[in-house]
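Colleague: Hi! Could you pull up the model so we can talk through it together?
Modeller: Sure, here it comes.

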Amino acid sequence: MAYIDAKDDNFHELISRGFSVVDCYGDHCNPCRILAPIFEEVTTEMDYIRFIKLNTEHNPGITREYSINSIPTMLFIRDGEVVDRTVGVMPKEMIEEHIAALLYE
């Protein structure tokens, strides 16, 4: 597994340093199921970045704190601060380009 499962109690520690990409999902969300294998493929190809999955149904504290109202949502976080977010399913190439643009801005 190339990603980390986050919980309300460890999320802030996980995102505090470096660049992280967080897939906010739900078990009963069909678009989330479509995104899951794409996200996993990106995690194996970009192993120099911290990839995190956050189940919004099981972690309401972080879900509220980051105003995650639609899923799937991806949060792009640098040193604990959200620098961008996307909502919905994106193709692998688009996710990789988005990450690269944020890393080198």
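**Salt bridges and a hairpin**

Modeller: Let's start with K53, which counts as buried because its relative accessibility is 7%. Keep in mind that this is a predicted model.

Colleague: Thanks. Which residue does K53 meet in a salt bridge?

Modeller: That would be D23: the two side chains meet with 2.6 Å from N to O. The pair ties together parts that are 30 residues apart in sequence, because D23 lies in strand β2 (residues 19–25) and K53 in strand β3 (residues 50–55).

Colleague: And D23 itself, buried or exposed?

Modeller: D23 counts as buried, with a relative accessibility of 0%. The cut-off for buried is under 20% relative accessible area, and K53 at 7% counts as buried too.

Colleague: Nice. How many salt bridges does the structure hold?

Modeller: Three. Besides the D23 and K53 pair, there is a network of salt bridges that links E41, E45 and K92.

Colleague: Oh, a network! What's the distance between K92 and E41?

Modeller: The closest N and O atoms of that salt bridge are 3.3 Å apart. This pair links distant parts of the chain, with K92 in helix α4 (residues 92–103) and E41 in helix α2 (residues 30–45), 51 residues apart.

Colleague: And what about K92 and E45?

Modeller: Their side chains meet in a salt bridge as well, at 3.1 Å from N to O. Here too the pair links distant parts of the chain: E45 sits in helix α2 and K92 in helix α4, 47 residues apart.

Colleague: How accessible is E45, then?

Modeller: E45 is partly exposed, with a relative accessible area of 41%. E41 is partly exposed as well, at 37%. K92, on the other hand, counts as buried, since its relative accessibility is 17% and the cut-off is under 20%.

Colleague: Good, that's clear. Switching topic: which strand does β4 pair with?

Modeller: Strand β4 (residues 73–78) pairs with strand β5 (residues 81–87), in the antiparallel sense and over six bridges.

Colleague: Can you give me a position to look at? What is the bridge partner of L75?

Modeller: Try R85, the bridge partner of L75 in β5.

Colleague: Got it. How many residues lie between β4 and β5?

Modeller: Two, and the strands form a hairpin. Take a look at D79 in the turn: its phi is positive, at about 50°.

Colleague: Great, I'll go and click on that turn now. Thanks!

Key
Residues numbered from 1 in each chain as written. Predicted model: local features only at pLDDT ≥ 70, side-chain atom pairs only at ≥ 80, totals over all residues. Heavy atoms only, no water. Salt bridge = Lys/Arg side-chain N within 4 Å of Asp/Glu carboxyl O. Helix = DSSP H or I, 4+ residues; strand = E, 2+ residues; numbered from the N terminus. Buried < 20%, exposed > 50% of the residue type's maximum accessible area, 1.4 Å probe, protein only. Pairing = 2+ DSSP bridges.
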